[in-house]
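I opened this model to look up how its helices pack and how its aromatic rings pair, and I kept the entries short.

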2 protein chains.
Amino acid sequence: MATLKDISTELGLSVATVSRALNGFPEVGARTRARVQEAATRLGYRPNRSAQRLATGRSGVVGMIVKLRADMSADQTFFDVLTTLTAELAARDLDLVLSVDQGNDPVAPYERMLERDLLDGFVLNAPVPNDPRPGFLRARGVPFVMHGQAHAAPDYAFFGIDNRAVCADAVELLASLGHARIALINGEARFAFAEDREQGFRAAMAVEGLAVPDGFVAGGAPTESTGYTQALAWLSGRAGPRPTAILCATTPVAQGVLRAARDLGLSMPGDLSVIAHDDALPGIRPAHFNPALTVTHAPLRDACAPLAQMLVDHLNGAPPARLQTVNRAGLIVRASTGPVPKGEERPWQTP
Amino acid sequence: MATLKDISTELGLSVATVSRALNGFPEVGARTRARVQEAATRLGYRPNRSAQRLATGRSGVVGMIVKLRADMSADQTFFDVLTTLTAELAARDLDLVLSVDQGNDPVAPYERMLERDLLDGFVLNAPVPNDPRPGFLRARGVPFVMHGQAHAAPDYAFFGIDNRAVCADAVELLASLGHARIALINGEARFAFAEDREQGFRAAMAVEGLAVPDGFVAGGAPTESTGYTQALAWLSGRAGPRPTAILCATTPVAQGVLRAARDLGLSMPGDLSVIAHDDALPGIRPAHFNPALTVTHAPLRDACAPLAQMLVDHLNGAPPARLQTVNRAGLIVRASTGPVPKGEERPWQTP
DNA sequence: CGGTTTTCTCAAACCGCTTTGAGGCTGACG
DNA sequence: CGTCAGCCTCAAAGCGGTTTGAGAAAACCG
């Protein structure tokens, strides 16, 4: 493997000039630079990361923590982000190293990774309310970007979607179709996004003048069985009048809801409207559900390029508070939503 | 952050002595070593990885390629291995960096990663017959370990299970229960493990004197729908006499088979015996299937610690041909296998 | 044409650690 | 007491880059 010195002797230049030429410094002449670059590609020169890091203090490696549950499984959505992010970072000459963690202390794995003394920064995900990680990393002076929005106006770099709007848009659509009894199967309550969605849901329902009785906002793991179980409970009518529409946190949840409705002999959207938020995970096709699923659509994957770029900018000294993006999910109306069933226009009684 | 030099000046020693004391070299006296270690902990010394790497020529980072399919999804089993492997490597002071690839050239992504000049070695997985990767990496002098066994007696380090025995054990169990019409839903034919399993299956059937007509060895993606579709085809009886037992490549496939059998009103194990190979993926509980699934059991995860250790040993100069392990899957008999149904003991006609 | 900028290039220091080769000190032995 | 191991320690040379301060060459100026 060719080194700077190889190039410099080859060309009769000093290593300093070669280094500058390659790194785009202005002091080096155009002709010299061209010669150097030609020689570099010809000799197959690749900077040695360790040497670069030693000299600059930067490694070109960033980290991410995989949170494992007790059963050793990880969040399915994590891997979609992981793979895309890896590719986006690689395109920007950054490598991503993983670390897995099963513990309860949210910052300990970050601390351990920092001790390995390899990382330039972190990508965080799945923020929770009052997440301790940003404070910890800022105190250590470690750059990071957050996937997801924990609070209004954080002072760090993040990419998120407007989770209040996700539910508000869905409620607005359903209300315009005459629905009054709308229930929500939210994500796991401990995550910030779920908190935001519930707020958006309740606010939009209030705007429409609709009640949300206790028990018709549920939460749980983003799985088919969560949707099935919860929908069965609601639609059996034992908990009071059936909802005429159900909002689902994810498309697998919606699959469960659809199955429950089918099992109960309900037609869609005749008897029940279903709408879900769609993270656009690979291998799940809401458009091919039966009926085709109406969704708010915001591919998780879309966050990766912005996050990668933010992290690069941050590492290059950009002020993190400037590196913030909030996307809005798009509403895609398909066949799973329709007008409220005749005779079911009555809202729930306010408790 | 304290450096070696800080310690050396603090103690009036040279950096060389301090380095040796800390790294356990025999030339340094016990008293000196104790003093150095005390000072190191007192000053909070941490060796600078980059400097160590620059000096030793090793980075402490190994790589792995994630193969993405056209739909951007990755093999589910990959992530189970990935997380466990990451943890096992970290325990041995190695970091794992990923690279994603969607191309057709099997070695190109490895080449690209090598160009980044960051890696000490690779972990490969999912070998195919005549896999070109080992040859490529050996030619480059890059250490690697393989998860899975591509051939009899390769000359590189690998960890695998005896895939012939997986099917042979299953066939032997079923034959002992009187089954004669045994079908196989194998994994994707392009992988080496599937080839081995089919060989094991056919060999064991031959030993039992049982025929395997065309069409009763299928293959496909390791999914529930593969199992459902294939089982439906076989069990409907349109393709000839039903099999009385079905071997499945994975537990999700078995789930599909169970569903198909239920849909057709078949009882298990009364009308049909089912057995699967169980990779022990998190979140899948064959013991809780209905009926509880008989399996050959070999957690993919079990490969990770041996692989990590092999890679460490290899990096430390152990001859790779010595670093080979073949595990044997355990047979766990549960409720999905039983005696052949009365009147169904007749084998298929040899074609 | 001499003097001053500007432009380009270089040698050398440095990052923090490992490793080599040499030398000083100790004690045992003759 | 002189000598020779053996034990300990040291200075110094890398590892492969980046960065500084200075000098040489070229361009500009009056």
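**Helix packing**

I looked first at helix α1 (residues 4–11) of chain A and helix α2 (residues 15–22) of chain A, whose axes come within 8 Å and cross at roughly 110 degrees. Axes here are lines fitted to C-alpha atoms, for helices over the stretch in contact, with angles from 0 to 180 degrees between N-to-C directions, and helices (H or I, at least four residues) and strands (E, at least two) are DSSP runs numbered from the N terminus. α1(A) and α2(A) are therefore roughly perpendicular to each other (65 to 115 degrees). I found A:Leu4, A:Lys5, A:Ile7 and A:Ser8 of α1(A) meeting A:Val15, A:Val18, A:Ser19 and A:Leu22 of α2(A), where contact means heavy atoms within 4.5 Å.

The model is predicted, so I noted that local features need pLDDT of at least 70 and side-chain atom pairs 80 or more, while totals for chains, interfaces and linings use all residues. Residues are numbered from 1 along each chain as written, chains are lettered from A and ligands numbered from 1 in written order, and side-chain values use heavy atoms, without hydrogens and water.

**Aromatic rings**

I counted 13 aromatic pairs over all chains, with rings of Phe, Tyr and Trp (its six-membered ring) pairing if their centres lie within 6.5 Å. The rings of A:Phe144 and A:Tyr156 have centres 5.5 Å apart and planes at 45 degrees, so this pair is tilted (neither under 30 degrees, which is stacked, nor over 60, which is edge-to-face). Both A:Phe144 and A:Tyr156 are buried (under 20% relative accessible area, 1.4 Å probe, protein chains only).

Definitions and conventions. Parallel < 35°, antiparallel > 145°, perpendicular 65-115°, else oblique. Buried < 20%, exposed > 50% of the residue type's maximum accessible area, 1.4 Å probe, protein only.
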